[in-house]
Amino acid sequence: MEVIICPTAAEAASTGASILARLLREKPDATLGLATGNTPLALYAELIRRHQSGAIDFAHCHAFNLDEYFGIGPDHPASYHRFMSENLFSHINIAPEHCRIPDGLAKDVPTACRDYEQAIVASGGIDLQVLGIGGDGHIGFNEPGSSLQSRTRIKTLTARTRRDNAGDFGAEDNVPMHVITMGVGTIMEARSLLLFAFGAHKAAVVASAVEGPITSMVPASILQMHPCAKVILDEAAASQLTRAEYYRWVYANKPAWQADA
Ligand code: F6R
């Protein structure tokens, strides 16, 4: 696991965008795994900016989102379909038919989840998965206790996550109880992972995920087992890491040929 500590979230987003841009230069038909929430907004803004300046072409890539609330449709203002359209897809040249997000209105959930997994495989597997981290350590909506080998399925949100996400729905009670999420095992099959975290409110959970034991109680801690995982932080989110100076030193001394890799 590589830990990259950036002075600001904007610089972290730029670092992430450069990694993604390099992937798309080398593999224009790459499959991306995407996240929603506040964290990737700066990354998406930077990707849009680079696309509009001609530096990134999304024409041939495919995208799979991590998750969607269950019981709401794509037009619901808080749906992740709407989020992705407003914050990324409608501003770049990705083909709409290449953008997949779990169906929050699926009638046959197990079949829809199996189909989602099969679609990922059919697209060649995810080359790069973007992740945020929940205050309780979740990735995707794999809440604490999720099997570390889980696949795409329906999950019940914790009270904490419903509280954290209440803003999108006006009140905690309006936040759906259930979600469809890629599993931890699904996420771990991506060839590379980029987990972003910003702000002091993420510092404790980042320290548990990066430096604590691997446990389903902190699902993000499984990233320690991934052969190509990067954790990109701002200073505040890195503030409880005991080995921060070492991570900075490693990054500062990275061989030039590894830049953006
Ligand atoms: C969203 C997702 C979640 C979020 C996490 C952090 O697709 O998968 O794991 O990344 O809840 O949310 P923010 O970024 O809003 O703090």
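When I say contact today, I mean heavy atoms within 4.5 Å. One caution before we start: what you have in front of you is a predicted model.

Okay, let's go to the middle. Which residues touch the most other members of the largest nonpolar core? That core has 82 residues, and the answer is Phe-58 and Leu-241. Helix H1, residues 9-26, gives the most to this core, with eight residues.

Let's stay on Phe-58 for a moment. If we leave aside its neighbours within four places in sequence, Phe-58 is in contact with Leu-20, Leu-24, Leu-32, Leu-47, His-51, Ile-92, Asn-93 and Ile-94. Keep Leu-32 in mind, since that one takes us to the sheet: Leu-32 stands opposite Leu-128 in E6. The two strands there are E2, residues 31-34, and E6, residues 128-131; they run parallel and two bridges join them.

Now zoom out to the whole sheet. It's an open one with seven strands, and if you read across you get E1-E10-E9-E6-E2-E3-E5, with parallel pairing. At the edges you'll find E1 (2-6) and E5 (99-100), each pairing on one side only.

Then there's another pair to look at, E7 and E8. E7 covers residues 153-156, E8 covers residues 178-181, and these two run antiparallel with four bridges between them. One of the partnerships is Thr-156 with His-178 in E8. As a reminder, in a regular strand the side chains alternate between the two faces of the sheet. So which face of E7 is covered and which is uncovered? Arg-153 and Lys-155 sit on the covered face, while Ile-154 and Thr-156 are on the uncovered one.

Next, the outside. Find Met-225, in the loop between helix H7 (203-211) and strand E10 (229-234). Is it buried or exposed? Met-225 has a relative accessible area of 56%, so it counts as exposed, the cut-off being over 50%. Not counting residues up to four places away in sequence, Met-225 touches Met-188 and Ile-214. Ile-214 is 11 residues from Met-225 along the chain, and their C-alpha atoms are separated by 8.4 Å.

Last stop, a nonpolar patch on the surface: Tyr-246, Trp-249 and Val-250 make it, and its area is about 330 Å². Val-250 is in helix H8, residues 244-252. Its relative accessibility is 32%, so Val-250 counts as partly exposed.

That's my tour; over to you.

Methods:
Residues numbered from 1 in each chain as written. Predicted model: local features only at pLDDT ≥ 70, side-chain atom pairs only at ≥ 80, totals over all residues. Heavy atoms only, no water. Patch = residues over 30% accessible without salt bridge, like charges linked within 9 Å, V, L, I, M, F, W, Y side chains within 5 Å. Areas by Shrake-Rupley, 256 points an atom, 1.4 Å probe, with all protein chains shown as cover. Salt bridge = Lys/Arg side-chain N within 4 Å of Asp/Glu carboxyl O. Buried < 20%, exposed > 50% of the residue type's maximum accessible area, 1.4 Å probe, protein only. Pairing = 2+ DSSP bridges. Core = buried A, V, L, I, M, F, W, Y, C linked by side-chain atoms within 4.5 Å.
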